[in-house]
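This report takes up a few local features of one protein chain, beginning with backbone geometry and going on to internal spaces and aromatic rings. Please keep the sequence and the coordinates at hand while reading.

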Amino acid sequence: MQRHLISAADLTRDDAVLILDTAEEMARVADRPIKKLPTLRGRTVVNLFFEDSTRTRISFEAAEKRLSADVINFTAKGSSVSKGESLKDTAQTLEAMGVDAVVIRHGASGAPYRLATSGWIDAAVINAGDGTHQHPTQALLDAFTMRRRLVGRDAGLGQDLAGRRITLVGDILHSRVARSNVDLLHTLGAEVTLVAPPTLVPVGVESWPCEVSYDLDSTLSKSDAVMLLRVQRERMNAAFFPTEREYSRRYGLDGDRMAKMPEHAIVMHPGPMVRGMEITAEVADSERCTAIEQVTNGVSIRMAVLYLLLGGNEPAVTHTRTEEK
């Protein structure tokens with residue numbers, strides 16, 4: 001493992017499989033009565049969030065606390081950032097406090113890379129989402145969920161997703177989740193197809209390691225997993241499709257469309273879901289939808305990433321029972 005996790009494209013197949021396998025070990029901790037490991041005791045981790053977040057921020061905080069790290073939560077609202085403080089000054093303030101790792105979400109693409117390579121701070125940097133660029137831990141938890149559902153919890157250990165066909169549907173243009181998933185799933189050997197209106201497909205997508213389709217119905221029967229992406233209105237400054245009703249009719253997943261998928265196929269969503277837009281309530285609440293499972297798996301994946309970046313060479317989970325006095 002490298003020192004930072006900035007992009008899913010930075011991971012080799014062996015790196016990715018190591019994280020997924022370590023996450024399986026971490027998932028077993030969640031089944032214990034006391035969900036704690038002493039791995040990061042004495043380490044300080046800062047959650048540096050310049051953008052709103054529910055799942056990612058809480059997931060990282062839960063992962064850090066389960067590994068016994070000291071956690072500092074930072075949000076831009078109510079901090080000196082609202083007074084005009086720069087990222088550099090914020091980073092140097094954290095460096096002066098002696099933090100060991102920074103989990104950063106930022107609206108500007110490239111901010112985590114800048115933080116990791118600038119020399120402003122001597123800490124491991126984990127990208128929790130930067131603009132429309134990357135969200136590597138989301139891609140990892142998605143791959144973890146796919147491997148568990150499509151290969152098996154125990155059978156999947158050491159395995160990748162070779163030959164699996166994954167379809168990503170929705171706002172590809174503004175989605176860091178789509179970019180990260182395309183990179184990671186390609187590394188793990190999966191075949192990826194992007195489905196979106198032409199206006200929501202990025203320029204230069206032909207250089208990505210995936211196929212592009214504008215017809216959802218033609219891809220469903222050959223998909224092992226269908227991931228739906230929210231239309232990100234907060235990043236839009238133009239009209240990318242005529243109406244919500246037309247978008248839902250062409251690219252939304254309802255019960256009839258789900259019935260066209262193979263029996264083993266799963267429906268995924270990184271959240272937050274807009275029910276009635278990209279996904280109907282019937283599909284969202286079905287047993288084939290893994291949205292809640294993805295949240296659970298997110299904690300295990302983030303525990304694995306933090307352990308591998310900060311935890312040293314000790315075993316992730318000790319199997320001898322110990323009791324604290």
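## Backbone features in two loops

Ser-68 lies in the loop between α2 and β2, and in this model, which is a predicted one, Ser-68 has a positive phi of about 70° although it is not a glycine. The relative accessibility of Ser-68 is 14%, and Ser-68 therefore counts as buried, given that the term applies to residues under 20% relative accessible area.

A second backbone feature is the cis peptide bond that joins Gly-271 and Pro-272, for which omega is about -5°. Pro-272 is placed in the loop between β9 (266–268) and α10 (281–284).

## The second largest pocket

Gly-271 and Pro-272 also belong to the description of an open space, the second largest pocket, whose volume is about 440 Å³. This pocket is lined by 20 residues, and those closest to its centre are Arg-105, Arg-176, Arg-230, Gly-271 and Pro-272, so named here with both partners of the cis peptide bond between Gly-271 and Pro-272 among them. By class, the lining of the second largest pocket divides into four nonpolar, eight polar and eight charged residues. At least two residues of this lining are supplied by α2, and at least two by α6 (176–187). In terms of domains, the lining of the second largest pocket draws at least three residues from domain 1 (4–135 + 295–311) and at least three from domain 2 (136–290).

## The enclosed cavities

How many cavities of 30 Å³ or more does the count give? The count comes to two cavities of 30 Å³ or more, and the largest cavity holds about 70 Å³ of space. The residues that line the largest cavity are Arg-55, Thr-56, Ser-59, Gln-138, Leu-141, Pro-270, Gln-294, Val-295, Gly-298 and Arg-302. Two or more residues of this lining come from each of the elements α2 (55–66), α5 (136–150) and α11 (291–310), and α11 provides the largest share, with four residues. Sorted by class, the lining of the largest cavity has three nonpolar, five polar and two charged residues, and at least three of its residues are drawn from each of domain 1 (4–135 + 295–311) and domain 2 (136–290).

One residue of this lining, Gln-294, has its place in helix α11. The relative accessibility of Gln-294 is 3%, and Gln-294 therefore counts as buried. The side chain of Gln-294 makes a polar contact, at 2.8 Å, with the side chain of Asp-142.

## Aromatic pairs

A pair of aromatic rings is described by the distance of the centres and the angle of the planes. The structure holds two aromatic pairs. Phe-50 and Phe-74 form a tilted pair, with 5.8 Å from centre to centre and 50° between the planes. This pair links distant parts of the chain, given that Phe-50 is in the loop between β1 (44–49) and α2, Phe-74 is in strand β2 (residues 70–75), and the two are 24 residues apart. Phe-74 is buried, with a relative accessible area of 16%.

The rings of Tyr-247 and Tyr-251 have their centres 5.8 Å apart and their planes at 40°, and this pair is therefore tilted, since the term covers planes that are neither under 30 degrees apart nor over 60. Tyr-247 and Tyr-251 are four residues apart in helix α8 (residues 244–251), so about one helical turn separates them. Both Tyr-247 and Tyr-251 are buried.

Conventions:
Residues are numbered from 1 along each chain as its sequence is written. This is a predicted model: local features need pLDDT of at least 70, side-chain atom pairs count only at pLDDT 80 or more; totals for chains, interfaces and linings use all residues. Side-chain values use heavy atoms; hydrogens and water are left out. On a 1 Å grid over the protein atoms alone, a cavity is a set of points where a 1.4 Å probe fits but cannot get out, and a pocket is an open set with protein on both sides within 12 Å along at least five of seven lines; lining residues have an atom within 4 Å of a point. Grid points are joined across faces, edges and corners, and a volume is the space filled by probe spheres set on the points. Ala, Val, Leu, Ile, Met, Phe, Trp, Tyr, Cys and Pro count as nonpolar, Asp, Glu, Lys and Arg as charged, and the others, Gly among them, as polar. Domain bounds come from an automatic or database domain assignment. Rings of Phe, Tyr and Trp (its six-membered ring) pair if their centres lie within 6.5 Å; planes under 30 degrees apart count as stacked, over 60 as edge-to-face and the rest as tilted. Buried means under 20% relative accessible area, exposed over 50%, partly exposed in between (1.4 Å probe, protein chains only). A polar contact is a pair of N or O atoms within 3.5 Å; within protein, one must be able to donate a hydrogen and the other to accept it, and residues adjacent in sequence count only if both atoms are side-chain atoms.
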